[in-house]
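Student: I'd like to learn how to read a ligand site and a few helix packings. Can we go through them one at a time?

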Amino acid sequence: MKPVKIGICGLGTVGGGTFRVLEDNAELLAARAGAQLELIHIGARRDNPDCPVGDVRLSRDIFAVARDPEVDILVELIGGTTVAKELVEEAIRNGKHVVTANKALIAEFGNVLFAMAEQHNVAIRYEAAVAGGIPIIKALREGLAGNRIDWLAGIINGTGNFILSEMREKGRDFADVLAEAQALGYAEADPAFDVEGTDAAHKLVILAAIAFGTPLQFSDVYAEGITRLTPQDVSYAEELGYRIKHLGIAKQSAQGVELRVHPTLIPEQQLLANVNGVKNAVVVEGSAVGSTLYYGAGAGAEPTASAVVADIIDLARDLAVGQSPQLPALGVASAAIRKLPVIPMSEVVSPWYLRMEADDKPGVMSQVTSLFSAQGISIEALIQKAPSPGETRVPVIVLTNEAAQGCLDAAVKAIEALDSIVGKIMCIRVETLGS
Ligand code: HSE
């Protein structure tokens, strides 16, 4: 059989991992693909000492790979949305199939790139863009194809989960753990993408588009990161029987879809609550199958390479038998993709965790509770901590029943205006995830 010829652009963390997996498992991969996978061209502006490229052609101009008439599949692993977009477009124009791990590129420009790929009769695969080594895209697009997806929720940023786990388990400092995540190759080039929720928002949009058959709607996602969380919140949540996780949540209802990324309290007995370190996990609720959970390494060279190579094999299987890969990019025919309204956050309902600083004097709690009740919000639990020695203020923790954010914001504004409440109130959503 004709070998399938591969070009890789980018030899950083994921590029290096992909190079090694292709080399180490060559025989096995050829057997699975039904053809030899030949890495014939690498485009990299810098060498990677862990990847001796040997006889493989190396170009400093990565566009030379996209224009190489011999290359069947271009693997884009340079990241970012400027040069990477131009590179993918050039590859498509030159009739190459594309494999990418680039979530920002797919989330922000996927609609345009998929249409362009369809016109040129080539495929774009992006399993590695979401949740590292977990084959969640294949699960949604293929394994769960018989289901209506009602919702999905996941820990989809490994760096953020690593930071939260280390803070909770070892009381470590945020900045210190982030520096370690960077050294381990988990974090984005700009780690603000990890800790401010953008990376998880990119991934959520991709999952939601496949799950619900919608276009990629990155500008409509609500994204909040983990930077405002404090060790106190982590420990109060624990006292109440919850863990704080940074979740991406997509839900479908008659009103439209919810697309949101934010810190969330989840009951400690939930499987997701026990996903720690750089691991990711996604729960998907399907109409026929019920609840399913996908778990594994969410970042790192080899886990991400595992997903990149799976896509290469998928494409190679078709190419080996002379067939053009036909699987639609979002799992449904492009003509069937329809935009659903995104529900504004002010209307999104959930229970809430709140923490405030109150003067330790009679009557404060009754003022606070009456302001919640004025907004129709009922209180599930209220804890007033003892004041520290010499302090006149006490932390007050409130768990509410379900409330729309609009009502909660109005209650919080009124409570913050009380003389007896000091500073801003910390508000974090609670999710029970169907339990
Ligand atoms: N920075 C990302 C994360 C890498 O930590 O999840 C994997 O997409």
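Student: Which residue has a polar backbone atom 2.7 Å from a nitrogen atom of the ligand?

Tutor: Keep in mind that this is a predicted model. For a polar contact, look for a pair of N or O atoms within 3.5 Å. Here the backbone partner is Tyr186, with its polar atom 2.7 Å from a ligand nitrogen.

Student: And which side chains have an N or O atom 2.6 Å or 2.7 Å from a ligand nitrogen?

Tutor: Glu188 has a side-chain N or O atom 2.6 Å from a nitrogen of the ligand, and for Asp194 the distance is 2.7 Å.

Student: What else surrounds the ligand?

Tutor: The surrounding residues include Lys103, Asn157, Gly158, Thr159, Ala187, Asp199, Lys203, Gly298 and Ala299.

Student: On to helices. At what angle do H7 and H8 cross?

Tutor: Start with the axes: H7 (residues 158-170) and H8 (residues 174-183) come within 9 Å and cross at roughly 135°. An angle over 145 degrees would count as roughly antiparallel, so this pair is oblique. The crossing is right-handed.

Student: Which residues make that contact?

Tutor: H7 brings Thr159, Phe162, Ile163, Glu166 and Met167, while H8 brings Phe174, Val177, Leu178, Glu180 and Ala181. By class, that's seven nonpolar, one polar and two charged. Thr159 also turns up around the ligand.

Student: How do H1 and H12 cross, left-handed or right-handed?

Tutor: Right-handed. The axes of H1 (residues 13-24) and H12 (residues 301-320) come within 8 Å, at roughly 60°. Among the residues that meet are Val14, Val21 and Leu22 from H1, and Ala305, Val308 and Ile312 from H12. The whole contact has eight nonpolar, four polar and two charged residues.

Note on methods: Residues numbered from 1 in each chain as written. Predicted model: local features only at pLDDT ≥ 70, side-chain atom pairs only at ≥ 80, totals over all residues. Heavy atoms only, no water. Axes fitted to C-alpha atoms, helices over the stretch in contact; angles between N-to-C directions. Helix = DSSP H or I, 4+ residues; strand = E, 2+ residues; numbered from the N terminus. Parallel < 35°, antiparallel > 145°, perpendicular 65-115°, else oblique. Left-handed = near helix turned anticlockwise from the far one by under 90°. Contact = heavy atoms within 4.5 Å. Nonpolar A, V, L, I, M, F, W, Y, C, P; charged D, E, K, R; others polar. Near = heavy atom within 4 Å. Polar contact = N/O pair within 3.5 Å; in protein donor to acceptor, adjacent residues only side chain to side chain.
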